Amino acid sequence: MTKEKKKKKGNNQAARSAQNILGGTFLTRERTAKHLPFLLFLAFVAIIYIGNSYYAEKNIRKIEGLQKQLKEMRYEHITTKSQLNSSSSQSKVASSLKDKGIKESTVPPNKIFVEED
């Protein structure tokens, strides 16, 4: 056979195989019917694999969102804590109460001792 005939024969075989698959005639063969349970099992495993991939990607996106939210909340906590520390210092409290007419005590506090019987 010449190269052209071999090439032509290969193209015809590929065309026939594609036609058999698209037409569904390959399913009627005895050899294919014998392996059908295994082919269905492979299809099932492929579907599970694809579903698992989507599930993992969804979880990764959810984790990234939660990490971003945690970071924002941490920054908010630090900001609020620093504002509270600065506003609760003795000088700030004294200056804010001075406007309301309350003065800072100049007398130190006394200790009260209780005797036990």
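Let me start with charge. This protein carries 22 positive and 11 negative charges, and their mean positions lie 28 Å apart. Keep in mind that what you see is a predicted model.

Now the overall architecture. The protein has 4 helices and 0 strands. Along the sequence, the pattern reads α-α-α-α. How does the radius of gyration compare with the globule rule? The value is 41 Å, and the rule gives 13 Å for 117 residues, so the protein is more spread out than a compact globule. The principal axes give the extent of the C-alpha trace: about 120 × 50 × 25 Å.

Next, burial. What share of the 117 residues counts as buried? The figure is 1%. A residue needs under 20% relative accessible area to be called buried. As for surface, the protein exposes about 12,000 Å². Carbon and sulfur atoms supply 60% of that area.

On to one helix, α3. This helix covers residues 36-87. Leu36 lies in it. So do Leu40 and Glu57.

Let's take those three residues in turn. Is Leu36 partly exposed or buried? Leu36 counts as partly exposed, because its relative accessibility is 35%. Leu40 has a relative accessible area of 56%, so Leu40 is exposed. The cut-off for exposed is over 50%. Glu57 comes out at 43%, and therefore as partly exposed.

Some distances, C-alpha to C-alpha. Leu40 and Lys58 sit 18 residues apart along the chain, and 27 Å separates them in space. For Glu57 and His77, the sequence separation is 20 residues and the spatial one is 30 Å.

Last topic: the nonpolar surface. Which residues make the nonpolar patch of about 950 Å²? Leu36 and Leu40 are both members. Leu27 belongs to the patch as well, along with Leu39 and Leu42. The phenylalanines in the patch are Phe38, Phe41 and Phe44. Val45 and Ile48 complete the list.

To recap. The model is predicted. The protein is built with 4 helices and 0 strands, and 1% of its residues count as buried. Leu36 and Leu40 lie in helix α3, and both help make the nonpolar surface patch. That's my tour; over to you.

Conventions
Residues are numbered from 1 along each chain as its sequence is written. This is a predicted model: local features need pLDDT of at least 70, side-chain atom pairs count only at pLDDT 80 or more; totals for chains, interfaces and linings use all residues. Side-chain values use heavy atoms; hydrogens and water are left out. Patches are made of residues with over 30% relative accessible area and no salt bridge: like charges are joined within 9 Å, nonpolar side chains (Val, Leu, Ile, Met, Phe, Trp, Tyr) within 5 Å. Accessible areas come from the Shrake-Rupley method with a 1.4 Å probe; for residues, only the protein chains shown count as cover. A salt bridge is a side-chain nitrogen of Lys or Arg within 4 Å of a carboxyl oxygen of Asp or Glu. Helices (H or I, at least four residues) and strands (E, at least two) are DSSP runs, numbered from the N terminus. Buried means under 20% relative accessible area, exposed over 50%, partly exposed in between (1.4 Å probe, protein chains only). The radius of gyration is taken over C-alpha atoms; the globule rule is 2.2 Å times the number of residues to the power 0.38. Lys and Arg count as positive and Asp and Glu as negative; His and the chain ends are not counted. The place of a charge is taken as NZ of Lys, CZ of Arg, CG of Asp or CD of Glu.
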